[in-house]
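Me: I'd like to talk through this model with you, one small question at a time. Could you keep the reasoning short and friendly?

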Amino acid sequence: MSTQARGLEFWRARLREVRLPILSGADALSILTAPEVDLQSLGRVLDADLPLALDVIAYASTQTRGSHEILGLQHALGMLGVAQVQQRLKLRLDPSFDPTRPGHSLCVQALASSRLAVQLLWSWTRRLHPTKYDEHLDWVTLLLGIARWKLPLAAPDIALQIETRVAQGERRSVVEKSLLGCSIEALNIAHLHDIGLPPDKDLQQATRLNERVIAKAWRHARHDGLAPELPPELARPLRQRTAICMLAHLLAWSVRDDWYSLRSQRLLALASTLAGLPLDTVIAGSRGAALRVSHAPEFRNRITAPAAQLLWPPKPRRSLRPATPVSRPYASPPGMPGTRMTRRRPAQPDTAVVNTFAQNCLHGRHTDLRQFIDATSQALESGLGLARCMLFLKATGTEQLGCYFAHGFNPAFEARTLMIPAADDNLLARLFRHASGSLWIKASQVDGARQQLPSELRQYTQASGVMLAAVNLNQRPVGVVWADSGPDGHPLGEGHYDEFRHMFQHFGAEFSRLTQALKRR
């Protein structure tokens, strides 16, 4: 169905029809309806459930009759009181989040991106004003994303098209405008009016941080010493009170698509300019923000964690000119492991490639986790012809293995949403508990092995076989690597498995070193 005839009014009507899924579990909901609950307890539960908090704020706005503006959740709770809040919530305790329902998972992923934006904002403002907290800026930042929260529920097929095209390297805002017939910013402002929120000058002001300003201002990033002086045409828009809110929103969505894209790097530099902080401080703060959101209980096991996306390799740059194919083996100089290249897929194992990878691990030559994981996938493909791989890591506080990295799958983002039970008797769980084991499922064993694999993985099992290796962190089991030669791949032999085991005898020590280095930042 063509979207060309749609546009702003069509999508306004569609968004009005949907309700955001509730994130709270039964225990949290029982607190909301308890007869003796106080405002502080209500606030703690609602603060972790953006859909319910938004409903309370919108309801409070309708009760003011335009006399004054609701500045955030705490303001709304104070104005309404416990009785009115509970009365409102009794009308809103559905639908609950259900990953099997169309659009729910993408909706919650969008909510997490907006929560990341608030954490980014906090990482900048707490350094500038450590004793001051402005909840209104938090909610301005959150509300910049509401149209993206609801779009997967209003049109799951369109949302999936957007994710597919973004995964292929297109810019999200451009894809959205082409499929919706209007900009996401215009739809966002219109929908806020539709749900009963009055025009907010701070929110409207935030949207004025346009691409022209971004393109010029990022060059003034502070690296050390004093912040550079900005030209007047840049200083005016950047000094707007809510410019930092829009920047946090833009950066959160940019790193969701690719932490290492040119746009993400420029937005980080712009944050340095705007906050007056050294660029290294801003980058470290953004990683800390990603970790906090990844560990938030309301998102755990429901999303691809923002911190996990730090491990994903950069996407190739899109070009209007046809690429000239270049073929060269994987062999990085000692100081530059994992240099990116066009990958060949040998039918026979290339021991030189595997030995180079092992030596780089042994001597600690990988610069960070992202580059190390990318180098691993290159060595698997260029050295062993294993065109596809996934890295499963145990999710904190659960008995689940989540896919934190996937290469060679189409579309890759579907593989990255996989969650596998770690405590039952499936094949991956048994290998995970072994901590230092490896396994080769030969072509003749595939049919029998499928029955022992988690149901989520059976569709990915190729007739040519699969190789698996346990991952440990300081001798403690933390995950499993899956590798195969893909749908059109070559058969696997003893030589492939010998070199695969050789690779992963060295993988764990380097993974431990780089993980500890990330924690120290």
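Me: How many of the eight residues of strand β2 are buried?
Reply: Happy to help, and do keep in mind that this is a predicted model. Strand β2 covers residues 400-407 and is mostly covered. Counting as buried those under 20% relative accessible area, the number for β2 is six.

Me: Which residue of β2 stands opposite Leu391?
Reply: Start with the strands: β1 and β2 pair in the antiparallel sense, over six bridges. Within β2, the residue standing opposite Leu391 is Phe405.

Me: Which residue in β3 is the bridge partner of Gln400?
Reply: Strand β3 spans residues 419-421 and runs antiparallel to β2, with three bridges joining the two. Gln400 has its bridge partner in β3, and that partner is Pro421.

Me: Which elements give two or more residues to the lining of the second largest cavity?
Reply: Nice one to trace on the model. The lining includes Ile373, Thr376 and Ser377, along with Cys389, Met390 and Leu391; Phe405 is there too. The elements that contribute two or more residues are α19 (369-384) and β1 (388-394).

Me: How many charged residues are in the lining of the largest cavity?
Reply: This cavity has a volume of about 100 Å³, and the second largest has about 70 Å³. Its lining has seven nonpolar residues and no polar ones. Arg148, Glu163, Arg172, Glu176 and Arg256 are among the residues that line the largest cavity, and by class the charged ones number five.

How values were computed. Residues are numbered from 1 along each chain as its sequence is written. This is a predicted model: local features need pLDDT of at least 70, side-chain atom pairs count only at pLDDT 80 or more; totals for chains, interfaces and linings use all residues. Side-chain values use heavy atoms; hydrogens and water are left out. On a 1 Å grid over the protein atoms alone, a cavity is a set of points where a 1.4 Å probe fits but cannot get out, and a pocket is an open set with protein on both sides within 12 Å along at least five of seven lines; lining residues have an atom within 4 Å of a point. Grid points are joined across faces, edges and corners, and a volume is the space filled by probe spheres set on the points. Ala, Val, Leu, Ile, Met, Phe, Trp, Tyr, Cys and Pro count as nonpolar, Asp, Glu, Lys and Arg as charged, and the others, Gly among them, as polar. Helices (H or I, at least four residues) and strands (E, at least two) are DSSP runs, numbered from the N terminus. Buried means under 20% relative accessible area, exposed over 50%, partly exposed in between (1.4 Å probe, protein chains only). Two strands pair if DSSP finds at least two bridges between them.
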